[in-house]
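Trainee: I have just opened a new model and would like to learn how to read it. Could you walk me through it step by step?

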Amino acid sequence: MKASSAVQVPAAACIAILAAFPAGAQIYPRILWWYDLDAPSLGSASVGDIDGDGMPEIVFGTYFNDEKIHALNAENGSQLWDYDTGGCNDASSVIWDVDGDGMLEVVAGASSPYRIYCFDGTTGGVEWSTSLGYPNCTDSPPAVGDIDGDGKPEIVLGTFYDWVFALNGENGSILWQVDLGDGHIESDPAILDLDGDGDLDIVVAEWMGLCRVLALEGDDGGILWTSTIPEDYMYHGPGFADIDGDSKPELAIGCYDGHVHCLNGEDGSLYWSFFTSSYAGAPTSLADLNGDGFLEVAWGAGNTVGATSCSGSGIWSFPAGGSVFRGSAIADLDDDDTPDLVFGTGSGILYARRGSLGQPLWDIDLQAHYGNEFDIDHAPVIADFDGDGGLDVFVVGGHAESSQPGNNHGRAYALAAGAGTGPGWPMFRHDERHSGCFYGYQTGTGPGGAAGPGRLFISPNPSCGSICAHFFLDEPSRVRLAVYDLSGRLAGGTDFGLLSEGDHEAVLCSEPARRLPAGQYLVMMDADGRVSSAMAVVLP
């Protein structure tokens, strides 16, 4: 089968499987389609309606011997476009409107060409590309956020020679670049407000060298703090959220020293460390996995996946029988109101486990289906690909080597994963700022003036049907709030006109005819040109 082909599962095969079940029964997992490649994808994909047709697309990059950015129609795996970068594309892509034109772009780093690209989502045309300069190859997934407070998004990524770059989203020009000196930045940058001053900051971690976690000022890359608590390599960056309920962010990061470390975001001091018994190379993921009202931390260490409580005690672990290096995506696959974990292994098995105690939900041996080596070195993404109301999973595997790339091969799979209709996991580390949190990020730290001037906070979050936005104005401002779904479509909003300084609260989409379906939403606030955003989760 050629690399450009997509295959849907034959109807006869589906009928044969369904015959063993009651009429109307749904079987999960169920392969929807596959797409053959000349190399696997390392990292992850991203999902969004990049061509504006009302259906999502899936975008991912491939390794040596394929060397493309692929955009596929999620409903059937057909190709929308691809672009040959001329080298391996290790870094996970991100889908976002980075130039403010109201349309989604695709931003992806190409490692060996030392470039980062911004593609028109509809056509795959290059809107801009920026050279990072030899020898700054990049495996660092780009993050997006307004780090300089100009109302426009910037793109942040690291390089293999310990540089961090910040680029202007509208044209790819370099806002700043910082040489951290000794190590490699393989990690995905995290973008968040660490100290509650209303400005976004950046956290990166080092692979090799000094093995530090570093916090940088968003506007100029100056160092806020450095932590040497992790004592070994860190390939992935931290997940972040207010884990302990103190209205300040914590950072959860896996390290090759055999621990998951939880650091206080404001100064990098240690909150807790959990010993995993093996190198914790995978990215962390955060959610209330057991319904206790607190966030748990899901981690991957060697061949094991596990979950740790908000206070750092172990809850469960599962020996997966193969490397789980790219971590877990989280969603409520079976519609039981508690999140589930989905992760792939180096032995070619894709697992779904219940978040509460790690019990089996389903698993599928994709290596057996593929009929060849199928190392899943790729984090799953989760969304409704085909518009049937259920959640689907996308993942890529195969064989990758740089010394003899002609040996490489791979395949992308889309699978029906469950009847859950709630939020999915649309990109690497969940969102464009790489929070790693199922409920997304918050721009501010709390309502009632705790957030910075002009900043936005959603509470309660998650909510049901409507969204309650809290914000603080340091001066009278004309305010508009808009709600977008993750495909970029406007789902609601209100123009408030001129509001006085001080605290404000607004309930959005509360009328019965306008209540929102379950899902994840981006709330954007424009206060006299100062743009802030927050993620909101709506439950069934």
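Trainee: What percentage of the 540 residues in the chain are buried?

Mentor: Keep in mind that this is a predicted model. Buried residues account for 60% of the chain's 540 residues. The surface can be read too: about 18,200 Å² is exposed, and carbon and sulfur atoms supply 50% of that area.

Trainee: How many helices and strands does the secondary structure of the chain come to?

Mentor: There are two helices and 43 strands. As for overall form, the radius of gyration is 22 Å, close to the 24 Å that the globule rule gives for 540 residues, so the chain is as compact as a globular protein of that length. Its C-alpha trace spans about 65 × 55 × 50 Å along the principal axes.

Trainee: Now the sheets. In what order do the strands β16, β17, β18 and β19 form their open sheet?

Mentor: To read a sheet, follow the strands from neighbour to neighbour. Here the order is β16-β17-β18-β19, with antiparallel pairing. At the edges stand β16 (190–192) and β19 (223–227); each has a single partner strand, so one side of each lacks a neighbour in the sheet. From one strand to the next, the twist averages 20 degrees.

Trainee: How many bridges join β17 to β18?

Mentor: Five bridges link β17 (residues 201–205) with β18 (residues 213–217), and the two run antiparallel. For one facing pair, look at Ile202, which stands opposite Leu216 in β18.

Trainee: Let us turn to the interior. Which residues touch the most other members of the largest nonpolar core?

Mentor: That core has 55 residues, and the ones touching the most other members are Leu333, Leu341, Phe343, Leu350, Leu366, Ile382 and Tyr413. Take Ile382: leaving aside residues up to four places away in sequence, its contacts include Ala329, Leu333, Val342, Leu391 and Trp425. A second, separate core of 31 residues has Val94, Val107, Phe165 and Ala215 among its members.

Trainee: And a single residue, such as Val507: why does it count as partly exposed?

Mentor: Relative accessibility decides this. Val507 is at 45%, which is why it counts as partly exposed, since buried means under 20% and exposed over 50%. Val507 belongs to strand β41 (residues 502–508). Beyond residues up to four places away in sequence, Val507 touches Ser466, Ile467 and Cys468.

Trainee: How far apart are Val507 and Ile202?

Mentor: Sequence and space give separate readings. Val507 and Ile202 are 305 residues apart in sequence and 31 Å apart in space, C-alpha to C-alpha.

Terms used: Residues are numbered from 1 along each chain as its sequence is written. This is a predicted model: local features need pLDDT of at least 70, side-chain atom pairs count only at pLDDT 80 or more; totals for chains, interfaces and linings use all residues. Side-chain values use heavy atoms; hydrogens and water are left out. Helices (H or I, at least four residues) and strands (E, at least two) are DSSP runs, numbered from the N terminus. Buried means under 20% relative accessible area, exposed over 50%, partly exposed in between (1.4 Å probe, protein chains only). Contact means heavy atoms within 4.5 Å. Two strands pair if DSSP finds at least two bridges between them. Axes are lines fitted to C-alpha atoms, for helices over the stretch in contact, and angles run from 0 to 180 degrees between N-to-C directions. The radius of gyration is taken over C-alpha atoms; the globule rule is 2.2 Å times the number of residues to the power 0.38. Accessible areas come from the Shrake-Rupley method with a 1.4 Å probe; for residues, only the protein chains shown count as cover. A nonpolar core is a set of buried Ala, Val, Leu, Ile, Met, Phe, Trp, Tyr and Cys residues joined through side-chain atoms within 4.5 Å.
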